[in-house]
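Thanks for making the time this morning. I would like to walk you through one structure, taking a surface feature, then a charged pair, and then a helix.

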Amino acid sequence: MAPHTKHPVAAPPTAPERESTGHLLLRGYIILVLFATFAHSAVYNLLGAVGAAITLVAFLLATVAIGVPMLARSRPQPFPWRRLPWAATAYTVLALVSVAWSQWRGATLITWVLLAAVTVNALFIVHVLTWREIVRALASAFKWILGLSLAVELWVALVVRGPILPNFFDRPEGELDAQWYWVRGNLFDGDRVQGIVGNSNLLAIVSLFAIITFGILFAARARWRTTLGLWILLAAFFLVRAGSATAYACTAAAAAVLVVALLMRRTATPRGRTRLYALVLGGGAVLAAAVWLLQKPLLALVGRSSDLTGRSDKIWAKVLERAAEHPLFGNGFSSPWVPFDPAFAGWIEDHGITVFHAHNMWLDVLMQLGVLGVILIGLAYLSLLWRSWFFAVDRPRWDLHAARPYSPLTLVPSLFTVVLLVQGFTESTPIMLWGWMLLVMLSFKIKAVPLVGVGERERVIERGERARRVP
């Protein structure tokens, strides 16, 4: 509580903006948006395709209703239009313009509305929250996903004692392919678990993001560190039990980047950094060559075939055939693929289910928006990778003081970006829904606030924290 005097001339005390009821409600709303975005497949399995789309549109309308009055009053600060992530913005515009030549115009319009909803929400989150609040909001969303995943796995394993279908439909008579189930109830039998998101690969990636976020908050000496440690253990449990080879590769890449970033922080001289860069690049090239040469035994070690579980033969070959029909501007935007559109219904199936994406974000973009789209998405991710790396390894400095300590929070963007890029080789989620949200959110925040603790919103919070510390 801020100290104050009862002198009649003094103004009555006011709570710091960060602790106001309105801002707490705003943070709660953003946590709900993040949860609905990262656990969109859970919403889809619960409400169906129409219900999931309506949910995202409802959040879009709510965000506009909240954000427009704030922009009109320039609160918490004027919107930094010049700091927009222009490559990602151009990609969004190209996706809309592609309706002019799209081979599936209905799917283009439907999925572009979803893309726009995610983009607007990402820009809104960046504008109203600080770096610390964004990381805390992500942590809260991940806690809800992990907690509900544990609850639903326990419920299915102990109460239902059998798998459940989406929308809680009754199981039909006879054998049913396991891919149709929402949760299979494998918590105690050693098989892969799906959690509330209904997909082992997705649960594993969310668990990895959660480990990174919780670990960064733990290193930043956030409150309730013991509780954070327990959440890290739960996320690690789901990461292992989900059994995703892609997530394991992402984990190894994130760990390598973390080690290099920490070593770079400890290297004070330019010559030392140059040597470290040379060592890392050389070692990385050798490691990449070894992985390429030993890909078959490595894939067999994690229980995967050399064709990446049918991706290269069943999916990538057909996607490349369709991409070759319109190589420059593509066939039209659709992320994800709309399964009821005639262009996608039954085109590529896995276990009798229409595939929703190309399982490779670069091939997906090439088919949809052509070479131009690949260039734009490449620029967007290259820009984010470049900025996030120096955001992590450069000492914070905005005046003559050159000895400020590093903040653990600055490691989040680079670690998240590396995970998205590695995942993009076998999944298309980095260009849709929560993957797109992270791309826009991190790119925009780094450009708008390139240092943790700098910016009008950050200074308001710092003043409030200092006021509460006054004895």
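Val371 is partly exposed, with a relative accessible area of 38%, and I should say at once that this value comes from a predicted model. The residue sits in helix α12, which covers residues 361–393. Around Val371 we find a nonpolar surface patch of about 510 Å², which this valine makes together with Leu328, Phe329, Leu372, Ile375 and Leu379. As for the spacing of such positions along a helix, an α-helix has 3.6 residues a turn, so residues three or four places apart point the same way.

Let me turn to the charged pair. How many salt bridges does the structure hold? It holds one, and the partners are Arg273 and Asp394, whose side chains meet at 3.2 Å, counted from N to O. Because Arg273 belongs to helix α9, residues 270–293, while Asp394 lies in the loop between α12 and α13, the latter being residues 412–423, this pair ties together parts that are 121 residues apart in sequence. The two partners also have their own degrees of cover: Arg273 is buried, at a relative accessible area of 16%, whereas Asp394 is partly exposed, at 34%.

Finally, a word on helix α14, residues 433–448, whose 16 residues reach 22 Å from the first C-alpha to the last, close to the 22 Å expected at 1.5 Å a residue. Is this helix mostly covered or mostly open? Helix α14 is mostly covered, given that 15 of its 16 residues are buried.

Technical notes:
Residues are numbered from 1 along each chain as its sequence is written. This is a predicted model: local features need pLDDT of at least 70, side-chain atom pairs count only at pLDDT 80 or more; totals for chains, interfaces and linings use all residues. Side-chain values use heavy atoms; hydrogens and water are left out. Patches are made of residues with over 30% relative accessible area and no salt bridge: like charges are joined within 9 Å, nonpolar side chains (Val, Leu, Ile, Met, Phe, Trp, Tyr) within 5 Å. Accessible areas come from the Shrake-Rupley method with a 1.4 Å probe; for residues, only the protein chains shown count as cover. A salt bridge is a side-chain nitrogen of Lys or Arg within 4 Å of a carboxyl oxygen of Asp or Glu. Helices (H or I, at least four residues) and strands (E, at least two) are DSSP runs, numbered from the N terminus. Buried means under 20% relative accessible area, exposed over 50%, partly exposed in between (1.4 Å probe, protein chains only). The expected span of a helix is 1.5 Å times one less than its number of residues.
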